[in-house]
Amino acid sequence: MTTSNTFTIKRTLNAPRELVWDVWTQTEHLSKWFCPKGFSINVVTMDLKPNGLFHYSMTTPDGIVLWGKWVFREINQPEKLTLIQSFSNAEGGLGSHPMVPVWPKHTLSSMTLTAVGDKTELLLEWQPYEATDEEIAAFNGAFDSMTQGWGSTFENMENYLEKITL
């Protein structure tokens with residue numbers, strides 16, 4: 001359920017919570033699924049610790065390179081991961097959304113994993129962080145696009161989980 005200023009998406013995954021945690025936090029896993037369908041990802045840095053950095057690029061099907069970074073805030077393995085997410089440049093500095101100039105410079109993302117038998121319920125909550133009214137409006141106006149992008153990314157994760165759990 002998505003509410004004003006907070007984008008929320010939930011999935012039940014056919015994998016144990018510890019494995020889902022690893023798939024979200026380890027370079028060798030993230031590099032195989034963390035992007036929408038048709039995109040490719042390049043993991044530059046993964047330093048999973050408070051104030052540590054995950055720096056990456058995604059290449060769109062038409063060759064546009066998008067840079068992003070996470071700065072970890074809360075790491076509660078294997079239950080919760082909270083981070084500040086931003087567009088960046090190749091050096092890891094602050095960047096901006098290449099297609100939406102008024103996109104929030106920073107967003108707060110929280111992923112919670114709940115064990116449900118031998119499956120995992122993943123809850124992702126994403127919201128503007130230290131944003132202007134104009135940036136919040138741009139974020140709120142993109143929920144349909146975010147649903148599509150995250151949905152495609154989660155499909156990639158589900159397919160990857162299926163491959164590694166066989």
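## Exercises on a sheet and its helices

E130 is exposed, at 65% relative accessibility. The model that gives this value is predicted.

### Exercise 1. Backbone exceptions

Task: Locate E130 and N51, give the sign of phi for each, and find the cis peptide bond.

Solution.
- Step 1. E130 sits in the loop between β7 and α3. Its phi is near 50 degrees, a positive value in a residue other than glycine.
- Step 2. N51 belongs to the loop between β2 and β3. Here phi is near 70 degrees, again positive in a residue that is not glycine.
- Step 3. Check accessibility. N51 has a relative accessible area of 66%. The cut-off for exposed is over 50%, so N51 counts as exposed.
- Step 4. The bond from Q77 to P78 is cis, with omega near -5 degrees. P78 lies in the loop between β4 and β5.

### Exercise 2. The overall layout

Task: Describe the protein chain by its secondary structure, its extent and its radius of gyration.

Solution.
- Step 1. Count the elements: four helices and seven strands.
- Step 2. Put them in sequence order. The pattern reads β-α-α-β-β-β-β-β-β-α-α.
- Step 3. Compare with the globule rule. The radius of gyration is 15 Å, close to the 15 Å that the rule gives for 166 residues, so the chain is as compact as a globular protein of that length.
- Step 4. Add the extent. The C-alpha trace spans about 45 × 35 × 30 Å along its principal axes.
- Step 5. Take burial next. Of the 166 residues, 45% are buried.
- Step 6. Finish with contact range. Take contacts between residues at least 6 apart in sequence: 50% of them join residues at least 24 apart.

### Exercise 3. Tracing the sheet

Task: Which strands form the edges of the sheet, and in what order do the strands lie?

Solution.
- Step 1. The order is β1-β7-β6-β5-β4-β3-β2, in an open sheet of seven strands with antiparallel pairing.
- Step 2. The edges are β1 (7-13) and β2 (40-46), each pairing on one side only. From one strand to the next, the twist averages 20 degrees.
- Step 3. Start at the β1 edge. Seven bridges join β1 to β7 in the antiparallel sense. In β7, T120 stands opposite L13.
- Step 4. Move to β7 and β6. Eleven bridges hold this antiparallel pair. S109 faces W126 of β7. The two strands form a hairpin with two residues between them, and G117 in the turn has a positive phi of about 65 degrees.
- Step 5. Go to the β2 edge. Six bridges link β2 to antiparallel β3 (residues 53-59). The bridge partner of I41 in β3 is M58.
- Step 6. Place the helices. Helix α1 (residues 17-25) packs on the sheet and touches β1, β2, β4, β5, β6 and β7. Its direction makes about 155 degrees with that of β6. Helix α3 (residues 133-140) lies across β1, β6 and β7, at about 145 degrees to β7.

### Exercise 4. The nonpolar core

Task: Which residues have the most contacts inside the largest nonpolar core, and which helix supplies the largest share?

Solution.
- Step 1. Recall the general trend: in soluble globular proteins, nonpolar side chains tend to be buried together.
- Step 2. The largest core here has 38 residues. Those with the most contacts inside it are W24, F34, F54, L122, M146, W150 and M157.
- Step 3. Helix α4 (residues 143-165) gives the largest share, seven residues.
- Step 4. Follow F34. Beyond four places in sequence, F34 touches W24, I41, F54, Y56, M58, W70, W150 and T153.

### Exercise 5. An aromatic pair

Task: Classify the ring pair of W150 and F154 as stacked, edge-to-face or tilted.

Solution.
- Step 1. Two values describe a ring pair: the distance of the centres and the angle of the planes.
- Step 2. For W150 and F154 these are 5.6 Å and 45 degrees. Stacked needs under 30 degrees and edge-to-face over 60. The pair is tilted.
- Step 3. Why are the two about one helical turn apart? They are four residues apart in helix α4.
- Step 4. Buried means under 20%. W150 has 9% relative accessibility, so W150 is buried. F154 has 0%, so F154 is buried.
- Step 5. For context, the structure has 22 aromatic pairs.

### Exercise 6. L53

Task: Is L53 buried, exposed or partly exposed, and what does L53 contact?

Solution.
- Step 1. L53 is in strand β3.
- Step 2. Its relative accessibility is 26%, so L53 counts as partly exposed.
- Step 3. Leaving aside neighbours within four places, L53 contacts T45, M46, D47, K69, W70, V71 and F72.

Conventions:
Residues are numbered from 1 along each chain as its sequence is written. This is a predicted model: local features need pLDDT of at least 70, side-chain atom pairs count only at pLDDT 80 or more; totals for chains, interfaces and linings use all residues. Side-chain values use heavy atoms; hydrogens and water are left out. Two strands pair if DSSP finds at least two bridges between them. Axes are lines fitted to C-alpha atoms, for helices over the stretch in contact, and angles run from 0 to 180 degrees between N-to-C directions. Contact means heavy atoms within 4.5 Å. A nonpolar core is a set of buried Ala, Val, Leu, Ile, Met, Phe, Trp, Tyr and Cys residues joined through side-chain atoms within 4.5 Å. Buried means under 20% relative accessible area, exposed over 50%, partly exposed in between (1.4 Å probe, protein chains only). Rings of Phe, Tyr and Trp (its six-membered ring) pair if their centres lie within 6.5 Å; planes under 30 degrees apart count as stacked, over 60 as edge-to-face and the rest as tilted. The radius of gyration is taken over C-alpha atoms; the globule rule is 2.2 Å times the number of residues to the power 0.38.
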